[in-house]
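Visitor: I have just opened this one and would like a short tour. Where should we begin?

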Amino acid sequence: MRGAYYPVGVFGGTFDPVHFGHLRPALECLEQLSLQRLHLVPSAVPPHRETPYATAQQRLTMLQLAVKGQPGFVVDEREIRRSGPSFMVDTLASLREEVGETPLCLILGVDAFLGLPGWHQWQQLLELAHIVVAHRPGWSLQDLHMPQPLQQMVEGRWLTDASALRTQQAGGVLLQGVTQLDISATDIRARIVAGKSANFLLPAKVWQYIQSQDLYR
């Protein structure tokens, strides 16, 4: 790879609903990794999780409302448009065709990273992108109790600095400390079912949309 390219980030999820626990770490990764842009990719048919409560279109709309006007955030509809299970390997392959030699960074939380051996064609992910493991500040490699197959795959691939993401298209693994807010979509849905407010856990426009659509009751 000639020269250095600022990376493009990928942050997937069901976003059922999107909340500040998603958005704050995503923004910090955008800034701290010097990403050109960060693609927020709502999963249409998540293969590793239960069926979402809101429809794909509702979750897409909530995400669009949440990030409207935020520079660097791109709501990416490719998994919503694609039929069949929403496999990340397919998403990265289609993005790779679009960005050419530009580095791609798949941003994962610690739990998702440790669960990679259960993903479809997971060994190919590092052929298509770097993996950035977003974690609470203060974590280190010693805190990651990786399953043996994952440990073997990432051996020798650890990067010590975000600038290293720019020197190759894919293949590195970086630990990145971010602010992690103790907010979950499961808790938000439970609050709504109980007739409580979810205000201040997610963007105001998203909360207004949930109420207008009578979601999660």
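Guide: This is a predicted model, and a good place to begin is its open sheet of 7 strands, which has the order β3-β2-β1-β4-β5-β7-β6 with parallel pairing.

Visitor: Which strands stand at the edges?

Guide: Those are β3 and β6 (158-159), and because each has a single partner strand, one side of each is left without a neighbour in the sheet.

Visitor: How many bridges are there between β1 and β2?

Guide: β1 and β2 pair in the parallel sense over 6 bridges, and within that pairing Val-8 has Arg-37 of β2 as its bridge partner.

Visitor: And which strands does α2 touch?

Guide: α2 packs on the sheet and touches β2 and β3, with its direction at about 160° to that of β3. Another helix, α4, lies across β1, β2 and β4, and runs at about 155° to β4.

Visitor: Let's go inside. How many residues are in the largest nonpolar core?

Guide: The largest nonpolar core has 41 residues, and those with the most contacts inside it are Leu-33, Leu-38, Met-62, Ile-107 and Ile-210. Among the elements that give two or more residues to this core are the helices α1 (20-32), α2 (56-67) and α9 (204-213), together with the strands β2 (37-42) and β4 (104-109).

Visitor: What is Leu-38 in contact with?

Guide: Leaving aside neighbours within four places in sequence, Leu-38 has contacts that include Val-10, Phe-11, Leu-30, Val-74 and Ile-107. There is also a second, separate core of 29 residues, which includes Val-89, Trp-122, Val-133 and Val-173.

Visitor: Changing topic, which residues does the cis peptide bond join?

Guide: The cis peptide bond joins Asp-16 and Pro-17, with omega at about 5°, and Pro-17 has its place in the loop between β1 (8-13) and α1.

Visitor: What about Phe-200, where is it found?

Guide: Phe-200 is found in the loop between α8 and α9, and its phi is near 75°, a positive value in a residue other than glycine.

Visitor: Why does Phe-200 count as exposed?

Guide: Phe-200 counts as exposed because its relative accessibility is 70%, and the cut-off for that word is over 50%.

Visitor: And where does Gln-121 lie?

Guide: Gln-121 lies in the loop between α5 (110-114) and α6 (125-128), and has a positive phi of about 50° although it is not a glycine. With a relative accessible area of 35%, Gln-121 is partly exposed.

Key: Residues are numbered from 1 along each chain as its sequence is written. This is a predicted model: local features need pLDDT of at least 70, side-chain atom pairs count only at pLDDT 80 or more; totals for chains, interfaces and linings use all residues. Side-chain values use heavy atoms; hydrogens and water are left out. A nonpolar core is a set of buried Ala, Val, Leu, Ile, Met, Phe, Trp, Tyr and Cys residues joined through side-chain atoms within 4.5 Å. Buried means under 20% relative accessible area, exposed over 50%, partly exposed in between (1.4 Å probe, protein chains only). Helices (H or I, at least four residues) and strands (E, at least two) are DSSP runs, numbered from the N terminus. Contact means heavy atoms within 4.5 Å. Two strands pair if DSSP finds at least two bridges between them. Axes are lines fitted to C-alpha atoms, for helices over the stretch in contact, and angles run from 0 to 180 degrees between N-to-C directions.
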